[in-house]
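Thanks for coming. I will go through one strand and its partners, then turn to the charged pairs.

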Amino acid sequence: MRRSIAAVAAVVTLTATLVACGGSDGGSDNAGPTGPTKGAGSSSTAQPAGEQSPGATTGSTQAPVGKLGDTLKLVGMEGSLNGTGTIEADFTLEKFDNHAKSAIGVLEPAAENRLVAAKFTIVETGTGTYQDSGFAGANVVDANGQEYQGKPGIPTAGDALGPNMIIKPGERVTGWIVFEVPKDAEITSVTYVMEKVGPDPARTGKWTLD
């Protein structure tokens with residue numbers, strides 16, 4: 001009899017302990033912690049007057065998106081090969097020429113193609129020096145999603161962004177990037193990737209041309 005009473009007491013004690021600790025592996029009405037909430041998307045889109053429009057923050061997992069004339073803030077790689085300091089820059093797509101002409105005849109497009117060109121202003125806003133190719137990270141995208149990478153060339157519209165671009169903190173450069181596309185291609189957007197080494201939304205800006 002004494003053994004039975006002791007056994008019952010042990011079960012009651014164990015049950016009370018489990019309840020106090022929140023139960024066993026069974027379901028619970030209390031929701032557990034959720035993953036980090038993504039930011040509002042971002043672009044740091046600056047208007048000509050310098051005001052910031054709503055958009056994705058630098059920490060967003062989505063590429064910042066703007067339109068012709070907008071400024072998007074892009075960041076370099078963590079542990080950038082550019083050296084010490086943070087690498088980040090404001091990129092503004094100033095103009096787009098849908099039928100560009102080459103200032104150098106040998107760089108004319110193939111017979112079935114045409115040239116287009118995009119004019120960028122880039123301002124280094126970080127504490128490090130941004131070094132990159134002026135055209136290798138740039139692409140134009142057509143209505144079918146086909147991408148065309150920037151190429152060496154100087155349009156008649158103005159100076160080109162050089163292949164060895166070096167921008168120190170607080171400095172800015174402005175220049176054109178040339179692209180060769182099919183004659184009938186409808187270009188719908190321009191993209192730029194800082195320090196192009198694989199995809200990274202934080203380093204990629206997209207400007208729509210609609």
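Which residue in β11 does Ile122 stand opposite? The answer is Val173. Keep in mind that this is a predicted model.

Ile122 sits in β6, and on another side of the pairing Phe91 stands opposite Ile122. The strands behind these contacts are as follows. Strand β5, residues 88-100, pairs with β6 in the antiparallel sense over 9 bridges. Strand β11, residues 172-182, also pairs with β6 in the antiparallel sense, over 11 bridges. Of the 12 residues of β6, which covers residues 113-124, 11 are buried, so the strand is largely enclosed by the rest of the structure.

Now the charges. Side chains of opposite charge can pair when their charged atoms come close. This structure holds 4 salt bridges.

One of them joins Glu88 and Lys73, at 4.0 Å from N to O. That pair links distant parts of the chain, with Glu88 in strand β5 and Lys73 in strand β4 (residues 71-75), 15 residues apart. Glu88 counts as partly exposed because its relative accessibility is 23%. Lys73 and Glu88 also belong to a network of salt bridges with Asp90.

Another involves β11: Lys151 forms a salt bridge with Glu180, and the closest N and O atoms are 2.9 Å apart. Here too distant parts of the chain are linked, Lys151 being in strand β9 (residues 147-151) and Glu180 in β11, 29 residues apart. Glu180 is partly exposed, at 23% relative accessibility.

Last, Lys67 and Asp70 meet in a salt bridge at 3.6 Å, N to O. Lys67 is partly exposed at 46% relative accessibility, whereas Asp70 is buried, with a relative accessible area of 6%.

Definitions and conventions
Residues are numbered from 1 along each chain as its sequence is written. This is a predicted model: local features need pLDDT of at least 70, side-chain atom pairs count only at pLDDT 80 or more; totals for chains, interfaces and linings use all residues. Side-chain values use heavy atoms; hydrogens and water are left out. Buried means under 20% relative accessible area, exposed over 50%, partly exposed in between (1.4 Å probe, protein chains only). Helices (H or I, at least four residues) and strands (E, at least two) are DSSP runs, numbered from the N terminus. Two strands pair if DSSP finds at least two bridges between them. A salt bridge is a side-chain nitrogen of Lys or Arg within 4 Å of a carboxyl oxygen of Asp or Glu.
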